[in-house]
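Here's a short set of exercises to work through with the model open beside you. Try each task before reading its solution.

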Amino acid sequence: MARVLTPRAEDFPRWYQDLIAKAKLADNGPVRGTMVIRPAGYAIWERMQLEMDARIKAAGAENAYFPLFIPESYLKREAQHVEGFSPELAVVTHGGGKPLAEPIVVRPTSETVIGEFMAKWIDSYRDLPLLLNQWANVVRWELRPRIFLRTSEFLWQEGHTAHATREDARAYARRILHEAYEDLMVNVIGIPVVVGLKTTRERFAGATATYTCEGMMGDGKALQLGTSHELGQNFAKAFDISYSSKEGGREHAWTTSWGTSTRMLGGLIMAHGDDNGLRVPPRLAPIQAYVMIVKDGDGVGEAAAKLRDGLRDAGVRVALDDRTDTPFGRRAVDAELRGYPVRVEVGPRDLAVGNATVVRRTDGSKTPTPVADVVTAVLAALETDQQVLHDQALANRESRTVEVATLAEAIEAAATGWARVPWSAVGVAGEAEANGQGVTVRCLLRADGSVPDSEDEPDLIAILARAY
């Protein structure tokens, strides 16, 4: 294949930008830091939405929608929250050609506006838990934008819940973390994630605990793919989210929030992409099998259409490319760039002997296959290659993760991958030192890999890395 993309090993950031452009996933918007998600990219996002939404609903949350505009006074009610978001806020001061009586913030996240309505809707313990989610856009004024990874406007889901006890809130925040986020990332997107606790320095503004899913990208850097937060009673007290208990007293609720965004698209690209383009895990792919007519005539069109129908009937998401007025080589390159898991190429020569060619995106293998066996071969390839992509990403993470004993060794290791180091060897002062050198503590784990309740627990492991 002719070189279309900058090789990853030569210039990973340039490769990333090339892939987004050549695969027609997205483009830069007219305002700095914004993006236009093109149909090929949005189709993948829709699949992520579908899979995530099902998991969120399985956890009992219901979808709602809250306003894009939030009174500035709402944000100021929770001091840590507004302080954390102030540098990123977009503020509207005029409307209808006139100055506004109060500035309006374009939502950076919705804890405050949803907190206002939780206080209105919750009266009794019988109203709890209140489990809400919304799919929306948010604005955080980004100084160093990069499509999908950091943009001034992006798409996401944000969940917000209220509970009667701290234990219920913690259990729910962790349920979302594992059953929605980790499950989707590992079993659908095919990215093996490390799930852990953020340090106080890294946690969400206004939270009492932040849990994270961290994935390693193809260049060894980390990407935060989703977070779930315990908010304690901070927002409940600021917005008077309170309820009458069974005993007849008045208690403040315990709240959580959690979110994933179009950043997952960036993670998909950087975790699985290669020098020929995107590789989309079959369970996620909007098009799992791409039937291509190499050259028409001699019954090729009819055979290709029959294969498409057979694959569709077998439950495969399939598309037919019959654009024979466009050179086949160009169409094949485009299919590689888009990352379709399997291609089925149908041409007069193969068909003359009863075959079609099954091409797997994971390794580029091309297998002449009897037409009668194509559906079975495609189904087997889809099942196998879902695991192949996960295992390759896991092998990359394991080969680039080193066990070290000191902060200095961890910072050095972060130049090429991740470091696992005792948290006691880092601490608050060491974390600040690492940050000064562009290295962050991605998360904290217990020795057995489970998620700690507090960074003060003994014998914790810290994951240090450079990150997007």
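**Exercise 1. Find the largest pocket and say what lines it.**

Solution. Keep in mind that this is a predicted model.

Step 1: start with the volume. The largest pocket holds about 1,600 Å³ of space.

Step 2: go to its centre. The lining runs to 47 residues, and Glu88, Arg140, Arg150, Gln224 and Arg263 are the closest to the centre.

Step 3: look for the elements behind the lining. Those that give two or more residues are α4 (79-85), β8 (153-163), β11 (222-230), β14 (254-261) and β22 (440-445).

Step 4: sort the lining by class. You should get 13 nonpolar, 18 polar and 16 charged residues.

**Exercise 2. Do the same for the second largest pocket: which helix gives the most to its lining?**

Solution. Step 1: the space here comes to about 270 Å³.

Step 2: of the 14 lining residues, Lys24, Tyr290, Arg323, Asp334 and Arg338 lie nearest the centre.

Step 3: the helix you're after is α10 (residues 328-338), with six residues in the lining.

Step 4: by class, the lining splits into five nonpolar, one polar and eight charged residues.

**Exercise 3. Which residues line the largest cavity, and which line the second largest?**

Solution. Step 1: count first. There are two cavities of 30 Å³ or more.

Step 2: take the largest, with a volume of about 60 Å³. Its lining is made up of Glu111, Ile114, Gly115, Met118, His160, Thr161, Leu231, Phe235, Ile241, Thr255 and Thr256.

Step 3: assign that lining to elements. At least two residues come from each of α5 (111-121), β8 and β14, and α5 gives the most, with four. By class there are five nonpolar, five polar and one charged.

Step 4: move to the second largest cavity, with about 30 Å³ of space. Around it sit Arg279, Val280, Pro282, Gly339, Pro341, Arg361, Thr362, Asp385 and Leu389. That lining divides into four nonpolar, two polar and three charged residues.

**Exercise 4. Work out the strand order of the open sheet that contains β4, β5 and β6.**

Solution. Step 1: the three strands run in the order β4-β6-β5, with antiparallel pairing.

Step 2: check the edges. β4 (69-71) and β5 (90-95) each have a single partner strand, so one side of each is left without a neighbour in the sheet.

Step 3: the twist from one strand to the next averages 50°.

Step 4: zoom in on one pair. Three bridges link β4 and β6 (residues 98-106) in the antiparallel sense, and proline 71 has isoleucine 104 of β6 as its bridge partner.

**Exercise 5. Is β22 mostly covered or mostly open, and how many bridges join it to β23?**

Solution. Step 1: β22 is mostly covered, with six of its six residues buried.

Step 2: β22 runs antiparallel to β23 (residues 461-465), and five bridges join the two. For one of the facing pairs, look at threonine 440, which stands opposite alanine 465 in β23.

Step 3: for a helical case, try α8 (residues 263-272), where ten of ten residues are buried. Among them are Arg263, Met264 and His272.

**Exercise 6. Compare the salt bridges in α2 with the one in α3.**

Solution. Step 1: the whole structure has 27 salt bridges.

Step 2: in α2 (residues 39-58), arginine 47 and glutamate 51 are four residues apart, about one turn. Their closest N and O atoms are 3.2 Å apart. Glutamate 51 also bridges to arginine 55, at 2.8 Å, and that pair is again four residues apart in α2.

Step 3: ask why that spacing suits a pair. An α-helix has 3.6 residues a turn, so residues three or four places apart point the same way.

Step 4: check the burial. The cut-off for buried is under 20% relative accessible area. Arginine 47 is at 13%, so it counts as buried; glutamate 51, at 18%, is buried too, and so is arginine 55.

Step 5: turn to α3 (residues 72-76), where lysine 76 and glutamate 72 are about one helical turn apart. Their salt bridge has its closest N and O atoms 3.7 Å apart. Glutamate 72 is partly exposed at 21%, whereas lysine 76 is exposed at 54%.

Step 6: finish with a network. Salt bridges with shared partners join Arg170, Arg174, Glu230, Arg446, Asp453 and Glu457.

Technical notes: Residues numbered from 1 in each chain as written. Predicted model: local features only at pLDDT ≥ 70, side-chain atom pairs only at ≥ 80, totals over all residues. Heavy atoms only, no water. Buried < 20%, exposed > 50% of the residue type's maximum accessible area, 1.4 Å probe, protein only. Pairing = 2+ DSSP bridges. Axes fitted to C-alpha atoms, helices over the stretch in contact; angles between N-to-C directions. 1 Å grid on protein atoms, 1.4 Å probe; cavity = no way out; pocket = protein on both sides within 12 Å on 5 of 7 lines; lining within 4 Å. Points joined across faces, edges and corners; volume = space filled by probe spheres on them. Nonpolar A, V, L, I, M, F, W, Y, C, P; charged D, E, K, R; others polar. Salt bridge = Lys/Arg side-chain N within 4 Å of Asp/Glu carboxyl O.
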